[in-house]
Amino acid sequence: DLHSFPTRRSSDLPSALERMIAHEGTARPLLVGAATVLVLAALAELWRYVLLLRSRSELLPARTVAISDSMVITAGVLAPMVVLVTVVTCTLWLLRVREAAAARIDRCEARSTHSIVLAILVPVWNLLMPGVLLTELERDINTGLERDTNGAASTGPSRLLRTWWVSWVLSVVLAAGVWLWRLRDTVQARADGVLLAALSDLVAAGAVLLTLLLVQRYSEALAGVSKRTSRR
């Protein structure tokens, strides 16, 4: 009998804030891991470039070349996988943190889940829209804080968000540039491609670390507001 099973009341369901905190707890170690893997990938590419320079004047040991190749291949496979999982987790966090921020100022999320996911995944469009989504989020968080503290309204994205936005655009553009550069087949183009890949990995690692700071800032701001409200 279906009626014999206990039903869960809507008040027992996790709130947007609770789900945001859960996703934040998953996103933080993933972001640290992604940044670490990207830095290691950059170091592997730089070592390969050094070996390419040495190979112009000396014969390299086969073992050294094999180790370098295995490091580049491993990083090339592992980094995209870790980054993909991190992007998915951060997207889920963004959905929940936007819901929590909107609920804090007593309004519904203006954008649908579908539109937010497309804004992050669609090429070219994702150069602009993630920054717009985070700017809207920051505005909602600041509105809630200003309402509680009777502070003056802040205008425009914060310096951290602007820095993140620039790093995000650079990382996407460089990643696309690396892929296009590898279509060239000359020896010099291959060598330049190694340096470009190393630069791309380092910029991506910087963008990941800035993402970690944003996740921490917004999550702590909303959680702090909730705690102060509960105490009152």
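A pocket here is an open set of points on a 1 Å grid over the protein atoms alone, with protein on both sides within 12 Å along at least five of seven lines, and its lining residues have an atom within 4 Å of a point. Grid points are joined across faces, edges and corners, and a volume is the space filled by probe spheres set on the points.

Before you start clicking: this is a predicted model, where local features need pLDDT of at least 70 and side-chain atom pairs count only at pLDDT 80 or more, while totals for chains, interfaces and linings use all residues. Residues are numbered from 1 along each chain as its sequence is written, and side-chain values use heavy atoms, with hydrogens and water left out.

**Stop 1: the whole chain**

Switch to cartoon and colour by secondary structure. You should find 6 helices and 0 strands, where helices are DSSP runs of H or I with at least four residues, strands are runs of E with at least two, and both are numbered from the N terminus. Read from that end, the order is α-α-α-α-α-α. Now turn on the surface: its accessible area comes to about 13800 Å², with 66% belonging to carbon and sulfur atoms; the method is Shrake-Rupley with a 1.4 Å probe. Of the 232 residues, 37% count as buried, meaning under 20% relative accessible area, while exposed means over 50% and partly exposed is in between (1.4 Å probe, protein chains only). As for contacts (heavy atoms within 4.5 Å), residues 24 or more positions apart make up 76% of those with a separation of 6 or more.

**Stop 2: the smaller of two pockets**

Select Y49, L52, L53, S55, R56, V187, Q188, R190, A191 and V194 to show the lining of the second largest pocket. Its volume is about 250 Å³. Helices α1 and α6 each supply at least two of the lining residues, and α6 gives the most, 5 residues. Colour by class and you get 6 nonpolar, 2 polar and 2 charged residues; Ala, Val, Leu, Ile, Met, Phe, Trp, Tyr, Cys and Pro count as nonpolar, Asp, Glu, Lys and Arg as charged, and the others, Gly among them, as polar.

**Stop 3: the largest pocket**

Next, select V83, V87, W168, A175 and A204. Of the 41 residues lining the largest pocket, these are the closest to its centre. The volume here is about 1100 Å³. Show α1 (16-55), α2 (62-104), α4 (125-149), α5 (159-181) and α6 (187-231), the elements that give two or more residues to the lining. Helix α2 has the largest share, with 13 residues. By class, the lining splits into 32 nonpolar, 6 polar and 3 charged residues.

**Stop 4: the nonpolar cores**

A nonpolar core is a set of buried Ala, Val, Leu, Ile, Met, Phe, Trp, Tyr and Cys residues joined through side-chain atoms within 4.5 Å. Pick W93, L94, V97, L134, L137, Y218 and L222: of the 40 residues in the largest core, these touch the most other members. Helices α1, α2, α3 (113-121), α4, α5 and α6 each supply at least two residues of this core, with α6 giving the most, 10 residues. Another core, of 5 residues, lies apart from it, and L174, V178, L196 and A197 are among its members.

Which residues does V97 touch, not counting those up to four places away in sequence? Centre on V97 and look for M20, L137, Y218 and L222.

**Stop 5: two helix residues**

Jump to E45 in helix α1. Is E45 buried or exposed? At 8% relative accessibility, E45 counts as buried. Leaving out residues up to four places away in sequence, E45 touches V72, R182, V194, A197, A198 and D201.

Then try L127, in helix α4. L127 counts as partly exposed because its relative accessibility is 24%. With the same four-place exclusion, L127 touches W165, W168, V169, V172 and V173. Draw a C-alpha to C-alpha distance from L127 to W168: the two are 7.4 Å apart in space and 41 residues apart in sequence.

**Stop 6: two loops**

Finish with backbone torsions. D106 sits in the loop between α2 and α3, and its phi is near 60 degrees, a positive value in a residue other than glycine. D106 is exposed, at 64% relative accessible area. Move on to V124, in the loop between α3 and α4. V124 is not a glycine, yet has a positive phi of about 70 degrees, and V124 is exposed too, with a relative accessible area of 66%.

Methods. On a 1 Å grid over the protein atoms alone, a cavity is a set of points where a 1.4 Å probe fits but cannot get out, and a pocket is an open set with protein on both sides within 12 Å along at least five of seven lines; lining residues have an atom within 4 Å of a point.
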